[in-house]
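Reader: I would like a close look at one part of this model, namely a buried acidic side chain and what lies around it. Please add some other polar residues and the cysteines for context.

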Amino acid sequence: MKVVVTSRQTIKPSNPTPQHLCQLKLSFLDQIQQPHFVPFIYFYASSNSGLNKATNDRRRSEKLKNSLSETLSWFYPLAGRVKDNLFLDCNDEGVPFFEAQVQSSLDHVVGQSNSNSTLNCLFPYPELDYAGDLLLAVQLNFFNCGGMAIGEDSFWII
């Protein structure tokens with residue numbers, strides 16, 4: 001399965017984080033534990049909307065980016081960064097958002113017994129060891145058949 005990343009953006013919250021909420025201290029237990037890596041993939045079948053595939057993909061992408069931007073206003077820590085393993089800096093830097101084209105059909109990926117390494121390419125950071133100071137990253141994958149998958153990396157459990 002070949003996956004080609006076609007776009008890399010940073011999605012920022014639609015509204016800024018209130019000044020009094022810009023730093024969240026991590027608990028002692030959060031400070032001493034290793035960062036956790038929690039990947040999720042959500043698969044969606046093709047929606048026959050009568051539009052051509054490129055137009056339909058563009059609309060779904062814009063809708064998802066707008067929705068993520070609105071959501072980050074409510075869950076503002078996800079758009080921030082971990083600082084010195086002591087606190088979350090809710091600085092509205094945003095969430096990395098990748099778009100990719102998958103040279104396969106959704107049925108082939110879901111219907112086969114794929115190894116984890118095959119599915120890793122549907123995540124924003126397929127090497128699975130990059131956490132850095134991020135809390136969330138998203139990759140929107142479009143399949144040749146019109147289906148899509150959203151790969152999400154949550155790097156810290158809060």
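Author: What follows starts with one glutamate and then turns to an asparagine, the cysteines and a histidine. The model is predicted.

Glu152 belongs to strand 8, which covers residues 148-154. The residue is buried, yet Glu152 has no salt bridge. Its nearest side chain of opposite charge is that of Arg81, and Arg81 is 13 Å away. A salt bridge requires a side-chain nitrogen of Lys or Arg within 4 Å of a carboxyl oxygen of Asp or Glu, so a separation of 13 Å between Glu152 and Arg81 does not qualify. What the glutamate does have is a polar contact, side chain to side chain, with Ser154 at 2.2 Å. Setting aside residues up to four places away in sequence, Glu152 touches Val38, Pro39, Phe40 and Tyr42, and also Phe123, Leu136 and Ala137.

Asn141 is the next polar residue to consider. This asparagine sits in strand 7, residues 136-143. Asn141 has a relative accessible area of 0% and is therefore buried, as the cut-off for that label is under 20%. Its side chain reaches the backbone oxygen of Leu122 at 3.0 Å. The side chain of Asn141 also makes a polar contact with the side chain of Gln139, at 2.7 Å. Beyond four places in sequence, the contacts of Asn141 include Val3, Ala100, Val102, Cys121 and Leu122. Gly147, Met148, Ala149 and Gly151 are also in contact with Asn141.

The cysteines come next. A disulfide is a covalent bond between the sulfur atoms of two cysteines. With a cut-off of 2.5 Å between the sulfur atoms, the count for this model is 0 disulfides. Cys22 is in no disulfide, and the nearest cysteine sulfur, that of Cys90, is 6.7 Å away. Cys22 is classed as buried because its relative accessible area is 17%, which falls under the 20% limit. Cys145 is likewise in no disulfide. For Cys145 the nearest cysteine sulfur belongs to Cys121, at 15 Å. Cys145 has a relative accessible area of 38% and so is partly exposed.

Last is a histidine. His108 lies in helix 3, residues 106-111. With a relative accessible area of 42%, His108 is partly exposed. Along the chain, His108 and Trp74 are 34 residues apart, and their C-alpha atoms are separated by 36 Å.

To return to the request, Glu152 is buried without a salt bridge, and its side chain makes a polar contact with that of Ser154.

Terms used
Residues are numbered from 1 along each chain as its sequence is written. This is a predicted model: local features need pLDDT of at least 70, side-chain atom pairs count only at pLDDT 80 or more; totals for chains, interfaces and linings use all residues. Side-chain values use heavy atoms; hydrogens and water are left out. Helices (H or I, at least four residues) and strands (E, at least two) are DSSP runs, numbered from the N terminus. Buried means under 20% relative accessible area, exposed over 50%, partly exposed in between (1.4 Å probe, protein chains only). Lys and Arg count as positive and Asp and Glu as negative; His and the chain ends are not counted. A polar contact is a pair of N or O atoms within 3.5 Å; within protein, one must be able to donate a hydrogen and the other to accept it, and residues adjacent in sequence count only if both atoms are side-chain atoms. Contact means heavy atoms within 4.5 Å.
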